[in-house]
Amino acid sequence: MSERIAIIGGGNLGTAIAEGLIKSRFCKPDAITITKRNPATLKELEKKGVTITADNTTAVKQSDLVILAVKPFQVAAVIEGFKKQLTAKHTIVSVITGVSLSDLQEMVKKSLPLFRAMPNTAIAIQESITCISYSNATEQQASFVVDMFNTLGKVALIDEKLMDAATVLGACGTAYAMRYIRANIQAGIEIGFDAKTASLIAAQTVKGAAELLLKNGSHPEQEIDKVTTPKGCTIVGLNEMEHRGFSSSLIRGVIASYNKIAKD
Ligand SMILES: NC(=O)C1=CN([C@@H]2O[C@H](COP(=O)(O)OP(=O)(O)OC[C@H]3O[C@@H](n4cnc5c(N)ncnc54)[C@H](O)[C@@H]3O)[C@@H](O)[C@H]2O)C=CC1
Ligand SMILES: O=C(O)[C@@H]1CCC=N1
């Protein structure tokens, strides 16, 4: 059973995972090591009890679960650097975009449990959706990894062929949602609110809308029907957004992101 966790690549996502693990109390901060070529920028995590280092080899040697969170073009060289330290105790979890389980197997060259996990940056506050697929893992190893991500939000076990789609919908999705909220803030200021109040109203409204779907299990259009008063202001606004290509531009954006992963 995995106990010590090494996060290789302390960037945006790697640090968010560490933050989430600490907040969730899934493990003690001193069970986490996070690496980065220049670890000085990880001081905040160090203050919370996490070990920070540039030494991937020692981090892997002293851990059971290795979370790979470097950029896709860095992963081969990074694994090559610590590969000799990998033993039967290790489980590998990669959150790297576009690197398949078979690519990982080629790089690791050992028979170890391999997981691809696609979280988003809300993992820092235990509100991620993490899509997971895996190979070569026992039921016990799989439930450990699934339990870990369940403490950091919600989990969907998916077929690996959907992992690029999961990256776009779940991980890029955070940025799409932020742009939607930002546009509401800009509009909110134009119709009279100060920026702070507009931000609060826009963000809490989106949170409430999402919770309605998650808690009621309803379809967005059912919830929209409850808001759109006949001849009212909501439907006028919605229809104007659609005339301007709102849904179409979102769908085209999602597909452009998806095609970009396929092209790389
Ligand atoms: N940022 C996001 O929202 C998401 C990112 N991902 C994937 O996660 C991975 C990381 O993404 P980000 O955190 O955004 O990138 P990032 O560039 O912020 O983080 C990568 C980190 O790896 C470090 N690094 C580079 N070489 C290293 C080495 N040899 N040893 C240790 N650390 C090293 C870099 O210094 C950097 O801090 C990428 O593969 C990305 O596709 C997946 C889902 C969401
Ligand atoms: O933009 C990217 O390539 C990464 C993958 C998902 C979120 N960030």
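**Ligand shells and strand pairing**

Q: How many residues of each class does the shell around ligand 2 have?
A: Here Ala, Val, Leu, Ile, Met, Phe, Trp, Tyr, Cys and Pro count as nonpolar, Asp, Glu, Lys and Arg as charged, and the others, Gly among them, as polar. The ligand 2 shell is made up of Thr-97, Thr-167, Ala-171 and Cys-172, a residue being near a molecule if its C-beta atom, placed from the backbone, lies within 6 Å of it. By class, that gives 2 nonpolar, 2 polar and no charged residues.

Q: What pLDDT do local features need in this model?
A: Residues are numbered from 1 along each chain as its sequence is written, while chains are lettered from A and ligands numbered from 1 in the order in which they are written. The model is predicted: totals for chains, interfaces and linings use all residues, side-chain atom pairs count only at pLDDT 80 or more, and local features need a pLDDT of at least 70.

Q: Which helix gives the largest share of the shell around ligand 1?
A: Ligand 1 is surrounded by 24 residues, with Gly-9, Gly-11, Leu-13, Thr-97 and Ala-171 the closest. They divide into 10 nonpolar, 11 polar and 3 charged. Helices (H or I, at least four residues) and strands (E, at least two) are DSSP runs numbered from the N terminus. The largest share, 3 residues spanning part of 12-24, comes from helix α1.

Q: Are the residues on the two faces of strand β2 buried or exposed?
A: In a regular strand, side chains alternate between the two faces of the sheet. In β2 (residues 32-35), Ile-32 and Ile-34 lie on one side and Thr-33 and Thr-35 on the other. A residue is buried if 20 or more other C-beta atoms lie within 10 Å of its own, exposed if 12 or fewer, and partly exposed in between, with C-beta atoms placed from the backbone. By that count, these four residues are all buried.

Q: Which residue of β2 is the bridge partner of Ile-7?
A: Strands pair if DSSP finds at least two bridges between them. β1 (residues 5-8) and β2 pair in the parallel sense over 4 bridges. In β2, the partner of Ile-7 is Ile-34.

Q: Which residue of β3 is the bridge partner of Thr-35?
A: β2 also pairs with β3 (residues 51-53), in the parallel sense over 3 bridges. The partner of Thr-35 in β3 is Thr-53.
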